[in-house]
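User: I would like to go through the labels used for this model one by one. For each, I will ask what stands behind the word.

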Amino acid sequence: MALTAITGVLHTSATDMLEVHTNLLPTELLFHKICHRATVRLSALPETHPLHKPVRQSARRNLKRHRSTLHQLLHVFCIHLPDYEVIGMSDCPPNKGNSFIMEIASSRADSKEDDAMDMADICAYSDGSGLDGKAGAGTIVFRGSCLVGSVRYCLGPLTCHTTYEAEVVGVLLALELIHRERRSTTVSLKLDNQAIICTLNNHRAGPASSLLGLIHDMCDDWAKGRSRRVWLKISWVTGHSGVQGNELADAEAWKAVTEGSSPSADLPSVLQCGELPFSLTAIRGAFKKEMQGRWKAMWAESPRQGRLSKIDAKLPSHSFIMATEKLTRAQASVLIQLRTGHIPLNKFLHKIGKASSSSCSACPGAEESIHHFLFDCPSHARARHNLARKLGCKSKSLEYLLGDRRTFLPVLKYVRESGRFKEVYCDMPPQQT
Ligand SMILES: [Zn+2]
């Protein structure tokens, strides 16, 4: 019902046809996705949360009888709680200032100029990358123009970690190297991710918040006991734009993926003791991908898949939504009806008992099918002529007319000029073709 309300098509249309057009997961998979999202969030609750203890207890024992909802969820999705990151409330006072300076240039050109003019004693560049299904982080440190250190860390598969997390780890690696450089009064740390710099400025709970907290702690440690004249600046530098430091840090992050992490002794202590906990964002993303895969398999077995795949083999995906995003609901609705075959033409209306005959009112003896409406009916000859002038000889192909996004506007113009659905879609506006 929701799908027919969204699309405005006939209620006889098959649900799976509408799901693939609207890119909405089938209900059972959607429930799976919602339950998985809630379970993963439960697994990330901090000790201070009232549900922390019940969740831990339910995960520890799987009961055979009288199972609670928590038992069901945690065991159906095989959640192993110690593997997941904990997102807790920030214990940092809201009025606490930062022990570092933040800077985001207004444009790429400005950031390149700032980088060239940077006179800090120590310049560190950090980066994080996703490559070959793995996330890696790398950093390099210069004293003046001399390279004094580099270190890298491989976080693991992208199904458990995100590139955002890799960028945060890159900053941690850079701070570790900065700590080891004793004689430094001014330090500049540069990364190509503005979101992390902005997140460092607030202390809200969110993905990778424990790692972001560590960055604050390491910056506080660095500033402790130093005079007010020294400073540590974290700034944005444009990525993949020929900034030498950024390119080297990027190469180091790639090396982390292909060759593995640096020796344990070179890493910050938090990265020395085993793998980082899984990122909730990555786990949700991987599950979403799995649901998409199951949906594709379900669609492949649908009896309607064969006919529709001749018109649009990309479904299910967001391709149809993207192609029709600038159209009105009535226009998108007509296109879906032409593609599904459930359209108020006499052949279909007769089939569902809503018309006395399947014949075209203008052509006695000929069934009014989609093919007849688009290619044969003489009463729409003028509109068809205009369509042929616009699309050429390809206008004779049903697959081309209904499958190629470039033909949608000419086809809708044809429908409007034919006046066939005037009583249903009287509000269909003219298009700019
Ligand atoms: Zn006709």
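User: What makes up the contact of α4 with α5?
Analyst: This is a predicted model. In it, Pro54, Val55, Ser58 and Ala59 of α4 meet Leu70, His71 and Leu74 of α5. By class, five of these residues are nonpolar, two are polar and none is charged.

User: Why are α4 and α5 called oblique to each other?
Analyst: The axes of α4 (residues 52-60) and α5 (residues 69-76) cross at roughly 60°. Roughly parallel needs an angle under 35 degrees, and roughly perpendicular starts at 65. The value of roughly 60° fits neither class, so the pair is oblique. Their axes come within 9 Å, and the crossing is right-handed.

User: What makes α3 roughly antiparallel to α12?
Analyst: The crossing angle. Helix α3 (residues 27-43) and helix α12 (residues 280-300) cross at roughly 165°, with axes that come within 10 Å. Angles over 145 degrees count as roughly antiparallel, so the label holds. The handedness of this crossing is right-handed.

User: Which residues make that contact, and how do they divide by class?
Analyst: From α3 come Leu29, His32, Lys33, His36, Arg37 and Val40. Among their partners in α12 are Leu280, Ile283, Phe287, Met291 and Trp295. Arg284, Lys288 and Arg294 of α12 also take part. The contact divides into seven nonpolar, two polar and five charged residues.

User: How do you know that α7 and α9 are roughly parallel?
Analyst: Helix α7 (residues 163-180) and helix α9 (residues 209-223) cross at roughly 20°. The limit for roughly parallel is under 35 degrees, so the pair qualifies. The axes come within 10 Å. Here the crossing is left-handed. Residues of the contact include Val168, Leu172, Leu175 and His179 of α7 and Leu211, Ile215, Met218 and Trp222 of α9. By class, the contact has 13 nonpolar residues, one polar and one charged.

User: Why do residues three or four places apart in an α-helix point the same way?
Analyst: An α-helix has 3.6 residues a turn, so such residues point the same way.

User: Which residues of α2 are buried, and what covers them?
Analyst: In α2 (residues 15-22), Asp16, Met17, Glu19, Val20 and His21 are buried. The cover includes α1 (2-7), α12, α13 (305-311), α14 (319-323) and α15 (329-340). Just after α2, Asn23 takes a positive phi of about 60°.

User: Why is His49 called partly exposed?
Analyst: His49 has 15 other C-beta atoms within 10 Å. Buried takes 20 or more, and exposed means 12 or fewer. The count of 15 falls in between, so His49 is partly exposed. His49 sits in the loop between α3 and α4. Pro303 is 254 residues from His49 in sequence and 49 Å away in space, C-alpha to C-alpha.

User: How does the radius of gyration of the protein chain compare with that of a compact globule?
Analyst: For 433 residues, a compact globule would have a radius of gyration near 22 Å. The protein chain has 30 Å. Its C-alpha trace spans about 95 × 65 × 40 Å along the principal axes. Of the 433 residues, 33% count as buried.

User: How many helices and strands does the protein chain have, and what share of contacts joins residues at least 24 apart?
Analyst: There are 20 helices and six strands. Among contacts between residues at least 6 apart in sequence, 70% join residues at least 24 apart.

How values were computed
Residues are numbered from 1 along each chain as its sequence is written. This is a predicted model: local features need pLDDT of at least 70, side-chain atom pairs count only at pLDDT 80 or more; totals for chains, interfaces and linings use all residues. Axes are lines fitted to C-alpha atoms, for helices over the stretch in contact, and angles run from 0 to 180 degrees between N-to-C directions. Helices (H or I, at least four residues) and strands (E, at least two) are DSSP runs, numbered from the N terminus. A crossing is left-handed if the near helix is turned anticlockwise from the far one by less than a right angle, and right-handed if clockwise. Two residues are in contact if their C-beta atoms, placed from the backbone, lie within 7 Å. Ala, Val, Leu, Ile, Met, Phe, Trp, Tyr, Cys and Pro count as nonpolar, Asp, Glu, Lys and Arg as charged, and the others, Gly among them, as polar. The radius of gyration is taken over C-alpha atoms; the globule rule is 2.2 Å times the number of residues to the power 0.38.
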